[in-house]
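This report describes the architecture of one protein chain, beginning with its sheet and ending with its largest pocket. Please keep the structure in view while reading.

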Amino acid sequence: MSRTTPLGHVMMVDDEQIDQMMYRRIIDRSGMAEDVVGFTYAEEALAYLKEGDRPPVDLILLDINMPRMTGFEFLEAACAELGEAFNTSVVIMLTTSLNPRDKARAASFDMVRGYVNKPLEPENLRVAAEAVKEVAANRVA
């Protein structure tokens, strides 16, 4: 399936509704995404990724610190349960954490292409679009 926008289909996973509303506004104003789906809990996002009748998710904006399942636990579960299909995703970690161990841990996942301190900025979307484009080109090659 070809993408008609630089970001394609975007998924947000963040327990803060205010943050999701702000991200959606930034994404909508950018005109860079075909659609955006948001989840408050990582388990719900994981269940969505397992569905067979959904558009492929090109970009995941993932909060690190969430109740029930953290962003890191989500990444581990998605890698284990979805395998190679998940490894071709582009994930941008969104956080308020200044802990260098969190940044290093995020970098240990191949699909994590960015580590952004909140709030999300329009420039972060441009960087994400480049990562999505690169991953898509590698899929074709």
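## The sheet

In this predicted model, 5 strands make up an open sheet with the order β2-β1-β3-β4-β5, and their pairing is parallel. The edge positions are held by β2 and β5 (112-117); each has a single partner strand, so one side of each is left without a neighbour in the sheet. On average, neighbouring strands of this sheet are turned by 20 degrees against each other, direction ignored.

As a general point, side chains in a regular strand alternate between the two faces of the sheet.

## Strand β1 and its partners

Strand β1 (residues 8-13) runs parallel to strand β2 (residues 33-39), and 6 bridges join the two. Within this pairing, M12 has G38 of β2 as its bridge partner. To pass from β1 to β2, the chain goes through helix α1 (residues 17-30), and the resulting β-α-β crossover is right-handed.

Strand β1 also pairs with strand β3 (residues 59-63), again in the parallel sense, over 4 bridges. Here the bridge partner of V13 is L62 in β3.

## A helix across the strands

Which strands does helix α2 (residues 42-50) lie across? The helix lies across β1, β2 and β3, and it runs at about 150 degrees to β1.

## Two loops with notable backbone geometry

The loop between β3 and α3 (71-82) contains R68. The phi angle of R68 is near 70 degrees, which is a positive value in a residue other than glycine.

A second backbone feature concerns P119, which is placed in the loop between β5 and α6 (122-140). The peptide bond leading from K118 to P119 is cis, and its omega is near 5 degrees.

## The largest pocket

Empty space in a protein can be located by rolling a probe the size of a water molecule over the atoms. In this model, the largest pocket has a volume of about 180 Å³.

Which residues line the largest pocket? The lining consists of L49, R54, P56, V57, D58, L82, A85, F86, T88, S89 and R139. Sorted by class, this lining has 6 nonpolar, 2 polar and 3 charged residues. One of the lining residues is L49, a position within the range of helix α2 (residues 42-50). Another is L82, at the end of the range given for α3 (71-82), while R139 falls within the range of α6 (122-140).

Note on methods:
Residues are numbered from 1 along each chain as its sequence is written. This is a predicted model: local features need pLDDT of at least 70, side-chain atom pairs count only at pLDDT 80 or more; totals for chains, interfaces and linings use all residues. Side-chain values use heavy atoms; hydrogens and water are left out. On a 1 Å grid over the protein atoms alone, a cavity is a set of points where a 1.4 Å probe fits but cannot get out, and a pocket is an open set with protein on both sides within 12 Å along at least five of seven lines; lining residues have an atom within 4 Å of a point. Grid points are joined across faces, edges and corners, and a volume is the space filled by probe spheres set on the points. Ala, Val, Leu, Ile, Met, Phe, Trp, Tyr, Cys and Pro count as nonpolar, Asp, Glu, Lys and Arg as charged, and the others, Gly among them, as polar. Two strands pair if DSSP finds at least two bridges between them. A crossover is right-handed if, with the strands pointing away from the viewer, the path from the first strand over the helix to the second runs clockwise. Axes are lines fitted to C-alpha atoms, for helices over the stretch in contact, and angles run from 0 to 180 degrees between N-to-C directions. Contact means heavy atoms within 4.5 Å.
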